[in-house]
Amino acid sequence: MNTQSFRNLERPRVLLVALSGIGNLLMASPLFRTLRDANPTAELDLLVASRGTKSVLETNPRIRRVFVGTPKPNLRTLRKLTHTLRRERYAVGIVTYPGQLILSAALLRLASIPCRIGHRYSWAFLRDSGLFFSDPVPAFPLPSFTVPASSAAHDVVQNLQLLQPLGIVGDPATARYDLPLTADDRAKADAWLVQHALGNHILIGLHPGSYGDLATKRWPADRFAELGDRLAERYRATILVFGGPEEHTLKAQVCARMRSASVAADVPLHVSAALIARCACVVSNDSGLMHVAASQNVPTFGLFGPTDERRTAPWGPNGHVIRAAGTEPTYDVRNLTRVRAQNDPHPSLLALSVETVARAISAALQTPAPPREPR
């Protein structure tokens, strides 16, 4: 299929498989926008994992329908899902980067989708994943960490490359995350601020957590608390501590260790995004909420240790990376069992001092940030 045939199709149905987390889904969202721009009649459906990701884009006007799957379905669940997908008669199926490659590719084939697009790379025992796709796309290799980082390696760019078989060229220079907020989201955020008497306060956000059991990606909670105190004093701000429902205890710990005014924001994801949009800046581990902050054009400071900022840095002109000097990423998604067994922050994060983070934030905020686009 080429660009002219896709552009000329009337209401082509496209299935986008994104069996990963919130951050990965947001890094794929520029692909969705570019695809709809190429053919405004296209009907885009998403298949996402049961990891709280459904709400991320179900309010997006570019998405017709969101299905929820599981990364490890049993045979009965798999049969039911493939039967549902086959009835939709999709013209194109795209597996976003990265995430559950073998299962995702198998689903596209079982759903009888003629044009199946995904990246070609090796994975464990599978030497060439391109065997599963009708139109495989090579993944950009990561450059050596000893040379300047290549923006071509970022997951946003990797996802835009998936449009090549359709003859569509995505422009990374104009790509941005797509997390639209409703008037109701903003009204609930306003009401929350009034409830906590924060309507006129300068706000700074912190996210001390990360998805599930990936504690190795988390900067220590006591350092977040100390940083919060420094930022509160310097900018005369109130600190909002963000995180999911499973991070309630962690948020409370950070607030309890702070001397300055702080509040744990126990609100749904879209209301969190609306509150984040009110913040002067957000400091976060490499997490889904880091990308949520970047989606709202807020100065976003990502703390990186084991994970690779060349791939997952907060995208956009207001995204900033902070890494301890002399450290390199070590995270290997192909060996998650070993990674999840690590219950303490990675040594590369422990090497990152509060002073280093505070100085980096101060230096960045002295330079006027690019104007925020209206949401």
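Student: What covers the buried residues of helix 8?
Tutor: This is a predicted model: local features need pLDDT of at least 70, side-chain atom pairs count only at pLDDT 80 or more, and totals for chains, interfaces and linings use all residues. Residues are numbered from 1 along each chain as its sequence is written, and side-chain values use heavy atoms, with hydrogens and water left out. In helix 8, the buried residues (under 20% relative accessible area, 1.4 Å probe, protein chains only; exposed is over 50%, partly exposed in between) are A221, F224, A225, L227, G228, D229, L231 and A232. Their cover, by contact (heavy atoms within 4.5 Å), includes strand 7, strand 8, helix 9, strand 10, strand 11 and helix 15.

Student: How many Å apart are the end C-alpha atoms of helix 8?
Tutor: Helices (H or I, at least four residues) and strands (E, at least two) are DSSP runs, numbered from the N terminus. Helix 8 has 15 residues, 221-235. The expected span, 1.5 Å times one less than the number of residues, is 21 Å, and the end C-alpha atoms agree with this at 21 Å.

Student: Which residue just after helix 8 takes a positive phi?
Tutor: Most residues other than glycine have a negative phi. The exception here sits in the loop between helix 8 and strand 8. At 76% relative accessibility, this residue counts as exposed. With a phi of about 50°, it is R236.

Student: In what order do the six strands of the open sheet lie?
Tutor: Two strands pair if DSSP finds at least two bridges between them. The pairing in this sheet is parallel. Strand 9 (262-264) and strand 12 (319-323) each pair on one side only, as edge strands. The order is 9-8-7-10-11-12.

Student: Which residue in strand 12 is the bridge partner of G302?
Tutor: Strand 11 and strand 12 pair in the parallel sense. They do so over five bridges. For G302, the partner in strand 12 is V321.

Student: At about what angle does helix 11 run to strand 11?
Tutor: Helix 11, residues 288-295, lies across strand 7, strand 10 and strand 11. Axes are lines fitted to C-alpha atoms, for helices over the stretch in contact, and angles run from 0 to 180 degrees between N-to-C directions. To strand 11, the angle is about 155°.

Student: Where in helix 2 does the kink lie?
Tutor: Helix 2 covers residues 22-38, and its end C-alpha atoms are 25 Å apart against an expected 24 Å, which agrees. The bend at a residue is the angle between axes fitted to the seven residues ending there and the seven starting there. The kink is about 35° and comes shortly before P30, at A28.

Student: Which helix gives the most to the largest nonpolar core?
Tutor: A nonpolar core is a set of buried Ala, Val, Leu, Ile, Met, Phe, Trp, Tyr and Cys residues joined through side-chain atoms within 4.5 Å. In the largest, with 61 residues, F32, L35 and I94 touch the most other members. Eight residues of this core come from its top contributor, helix 2.

Student: Why is helix 2 largely enclosed by the rest of the structure?
Tutor: F32 gives one view of its surroundings, touching residues including L16, L44, L57 and T96. Across helix 2, the enclosure follows because the number of buried residues is 13 of the 17.

Student: Is K72 buried or exposed?
Tutor: K72 sits in the loop between strand 3 (63-69) and helix 4 (75-88). Its relative accessible area is 76%, so K72 is exposed.

Note on methods: Lists of a residue's contacts leave out its neighbours within four places in sequence.
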